[in-house]
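The following exercises concern strand pairing, burial and helix packing. Each task is followed by a solution in steps.

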Amino acid sequence: MPDQDLMIRTPDASGDKSDSKDAVGRVLPANVEAEAAFLGAVLIDNRVMEELPVAIRPEHFFEPVHARVYERILTLLDRSAVVTPVTLKPYFEADEALKELGGITYLARLTADGQGLLAPRELAQQIYDLALLRELVSVGRNLVEGALDTSDSVEPMTQVEEAEAALFAVAEGAATNKEAESFGIATHKALGLIETALNSGGHIAGKTTGLTSINEKIGGLHDSDLIILAGRPGMGKTSLATNIALNCSERLLRDRQDGIEKSVGAGVAFFSLEMSSDQLATRILAETAQISSEALRMGKISREEFQQLSFASQRLAELPLFIDDTPALTIAALRTRARRLKRRHDIGLIVVDYLQLLQGSGRANDNRVNEISEISRGLKTLAKEIEVPVIALSQLSRAVEQREDKRPMLSDLRESGSIEQDADMVWFVYREDYYIAAREPKVPQSDDDTATHEAHSAWQTEMERVFGLAELIVAKQRHGSTGKVRLRFEPRFTKFSDLATDEHQGGYS
């Protein structure tokens with residue numbers, strides 16, 4: 001590390017360099033000599049820029065003159081020009097700050113000893129790392145200043161959330177906005193997804209849902225996508241969400257145990273704003289152990305069934321499935337917690353149950369539609385920010401109940417405009433047997449009551465036709481076609497599964 005007097009220049013071209021030290025006068029982390037050596041290496045051999053381990057940008061340089069020189073180097077290289085001290089000269093002849101360093105001759109001195117060519121990659125990495133440390137100092141300084149400022153309303157949790165967001169950005173090496181990437185890089189990523197789909201058997205390009213029929217329809221759960229899963233109460237949307245969460249985390253665990261690196265499974269964060277974690281765990285246990293969830297809640301199980309539960313719980317304890325049942329979360333707090341889980345456990349899927357129970361920032365509380373818009377945008381931003389699919393459950397309006405055909409439509413989404421717009425996919429869960437069960441006619445009291453017998457017999461026939469069948473209606477899909485996926489639903493275990501081949505021929509269409 002160079003002497004401290006080499007690390008800071010005061011004043012620079014814009015006057016005193018007030019941010020060269022932290023709040024207690026300590027020198028900010030920097031290595032001006034490493035910056036000079038790196039620039040010298042680039043000016044001697046422009047090909048150095050082609051093999052950098054990190055994406056160095058002008059703002060990563062501590063010395064303002066070095067930042068401007070590097071910015072000009074990038075501009076000239078972009079024009080396919082050769083960059084040397086001579087070609088840089090016209091752009092810096094009037095630079096006052098450069099004159100303090102010796103003027104144009106300083107550019108030539110950068111290439112004098114050529115030491116930077118010995119380790120240009122290491123120099124670039126150090127410049128990048130020190131820039132991140134300075135950004136970390138800045139985050140800490142802002143946190144302290146915000147905590148000490150009580151002139152406005154004191155909202156410590158908001159400050160904690162903002163600080164965690166800033167720290168996540170530093171951890172990701174993205175303290176500034178993400179830069180545009182070339183089409184070549186995007187194409188390479190796309191080929192990687194296609195290869196994943198090919199290796200998975202030709203139908204999964206993202207994370208698995210664990211249900212083959214759904215995977216075949218949507219190609220898996222894609223990173224950065226917001227999926228809205230909606231349905232009227234009793235349709236089983238929470239059951240389907242827990243099924244997918246369990247299937248996805250089980251697949252990752254199984255692939256890890258088998259030594260498979262590129263798994264279509266993922267660690268899952270389940271934000272349950274409606275049910276407690278123990279209620280959710282009971283559902284998952286019932287599904288895994290194939291025991292009625294109602295019997296579990298009431299304790300009406302045998303010793304053998306309890307043994308099944310014990311084995312199931314041991315297996316589930318190893319799953320990379322994390323449940324957060326904090327009630328009344330704000331969208332900002334949820335994003336903070338999700339980023340934390342991503343950083344600590346590398347989660348690959350987020351489930352939110354359900355969207356309308358989230359709260360906005362408070363600025364739009366007088367207008368519920370605006371607040372829902374803020375929440376849906378926040379969920380989509382989260383999906384893109386940490387590059388995972390987000391499944392958000394949503395309520396439907398009562399308009400469904402007023403129609404003869406009770407299959408949901410996009411217009412049935414509550415505050416549907418923003419939700420529909422922000423979502424990459426919209427799914428509806430529909431079970432006809434739920435509505436037919438509610439229409440059960442009066443049970444005949446005697447054999448002479450022919451009309452009642454006929455009505456009840458007709459109802460039983462209709463019920464048998466659809467019992468245990470469900471539809472997942474894909475009403476919107478950016479990546480493919482819309483349509484219906486037919487599933488089997490076992491209400492005793494709250495479990496969705498694929499239909500057997502022969503079952504696809506019967507039931508409702």
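**Exercise 1.** Determine which residue stands opposite Leu393 in strand E5, and place this pair among the neighbours of E5.

*Solution.* Step 1. Leu229 stands opposite Leu393 in E5. The model is a predicted one, in which local features need pLDDT of at least 70 and side-chain atom pairs count only at pLDDT 80 or more, while totals for chains, interfaces and linings use all residues. Residues are numbered from 1 along each chain as its sequence is written, and side-chain values use heavy atoms, with hydrogens and water left out.

Step 2. Strand E1 (residues 226–230) pairs with E5 in the parallel sense over five bridges; two strands pair if DSSP finds at least two bridges between them. Strands (E, at least two residues) and helices (H or I, at least four) are DSSP runs numbered from the N terminus. Ile228 stands opposite Ala392 in E5.

Step 3. Strand E4 (residues 347–353) also runs parallel to E5, joined to it by three bridges. Here Val351 stands opposite Ile391.

**Exercise 2.** Establish how the side chains of E5 are directed and whether they are buried or exposed.

*Solution.* Step 1. In a regular strand the side chains alternate between the two faces of the sheet.

Step 2. Val390, Ala392 and Ser394 point one way from E5, whereas Ile391 and Leu393 point the other way. All of these residues are buried, that is, under 20% relative accessible area with a 1.4 Å probe and protein chains only, where exposed is over 50% and partly exposed lies in between.

Step 3. Strand E5 (residues 390–394) is thus described as mostly covered, with five of its five residues buried.

**Exercise 3.** Give the strand order of the sheet and identify which strands stand at its edges.

*Solution.* Step 1. The open sheet has nine strands in the order E3-E2-E4-E5-E1-E6-E7-E8-E9, with mixed pairing.

Step 2. E3 (321–324) and E9 (495–498) are the edge strands; each has a single partner strand, so one side of each lacks a neighbour in the sheet.

Step 3. On average, neighbouring strands of this sheet are turned by 25° against each other, direction ignored.

**Exercise 4.** Describe the pairing and burial of strand E7.

*Solution.* Step 1. E7 pairs in the antiparallel sense with strand E6 (residues 425–430) over six bridges. The bridge partner of Trp427 in E7 is Val474.

Step 2. With strand E8 (residues 483–490), E7 pairs in the antiparallel sense over six bridges. Leu469 stands opposite Arg488 in E8, and a hairpin of five residues joins E7 to E8.

Step 3. Eight of the nine residues of E7 (residues 469–477) are buried, so the strand is largely enclosed by the rest of the structure.

**Exercise 5.** Characterise the packing of helix H2 against helix H7.

*Solution.* Step 1. The axes of H2 (residues 32–44) and H7 (residues 120–148) come within 9 Å and cross at roughly 135°. Axes are lines fitted to C-alpha atoms, for helices over the stretch in contact, and angles run from 0 to 180 degrees between N-to-C directions.

Step 2. This makes H2 oblique to H7, since angles under 35 degrees count as roughly parallel, over 145 as roughly antiparallel, 65 to 115 as roughly perpendicular and the rest as oblique.

Step 3. Ala34, Glu35, Ala37, Phe38 and Ala41 in H2 meet Pro120, Leu123, Ala124, Gln126 and Ile127 in H7, contact being heavy atoms within 4.5 Å.
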